[in-house]
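Reader: I would like a close look at one part of this structure, the aromatic rings.

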Amino acid sequence: MSDMVMKPAALPRDRWIPWAFVGGMLLVVAVNLVLVFFALTTFTGVTTGHAYDRGRTYNDVIEAAARQAALGWRADVTLRGGSVVVTVVDAAGGAVPGRLEGHLLRPLEGTVQPLDFAATATGTFRAATGPRAPGQWDAVLRFTGPEGRTLDLRQRMILP
């Protein structure tokens, strides 16, 4: 009997397998929670209010653009020396008399800065931008010409 040596019972090596599945599922849940957190706390990508409703009425937008194109008016919107300068001409290149109103809009922040336009010549208007943050701004303008016809303008500008 002395020849027989008792060996301790070996633990099965496959006891870790169920814990691998549990750990994998916990990893998936943790990654999903991180993604949900960032999805809810970062920029939505929507810069237009009521984007769905606006999309449903897009034919109205196309009709308005066709009406404006039929006028034959062109507008040049520029930034010169801290002022927004707008020149409106007809199809023949002649200045169009009228009234201009609008504002600067910072698309990502929603900051609106009103502009007070004054006519410097027939068809040419200037408005001081005043103090504003540098970066991307949209000039959102409406020109009202003879007989109450309107031209809607939207020009993206980079302010220094």
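Reader: How many aromatic pairs does the structure hold? Please go through the ring cluster in detail.

Author: The structure holds three aromatic pairs, where rings of Phe, Tyr and Trp (its six-membered ring) pair if their centres lie within 6.5 Å, and planes under 30 degrees apart count as stacked, over 60 as edge-to-face and the rest as tilted. The model is predicted, so local features need pLDDT of at least 70 and side-chain atom pairs pLDDT 80 or more, while totals for chains, interfaces and linings use all residues. Residues are numbered from 1 along each chain as its sequence is written, and side-chain values use heavy atoms, without hydrogens and water.

One of the pairs is W73 with F143, edge-to-face at 5.6 Å centre to centre, with 80 degrees between the planes. This pair links distant parts of the chain: W73 sits in the loop between α3 (58-71) and β1 (74-80), F143 sits in strand β7, and the two are 70 residues apart. Helices (H or I, at least four residues) and strands (E, at least two) are DSSP runs, numbered from the N terminus.

F143 also pairs with F125: the ring centres are 5.8 Å apart and the planes at 65 degrees, so this pair is edge-to-face. Because F125 lies in strand β6 (residues 124-128) and F143 in strand β7, the pair ties together parts 18 residues apart in sequence.

Ring pairs thus join W73, F125 and F143 into a cluster. W73 and F143 are both buried, and F125 is buried as well; the term means under 20% relative accessible area, with exposed over 50% and partly exposed in between (1.4 Å probe, protein chains only).
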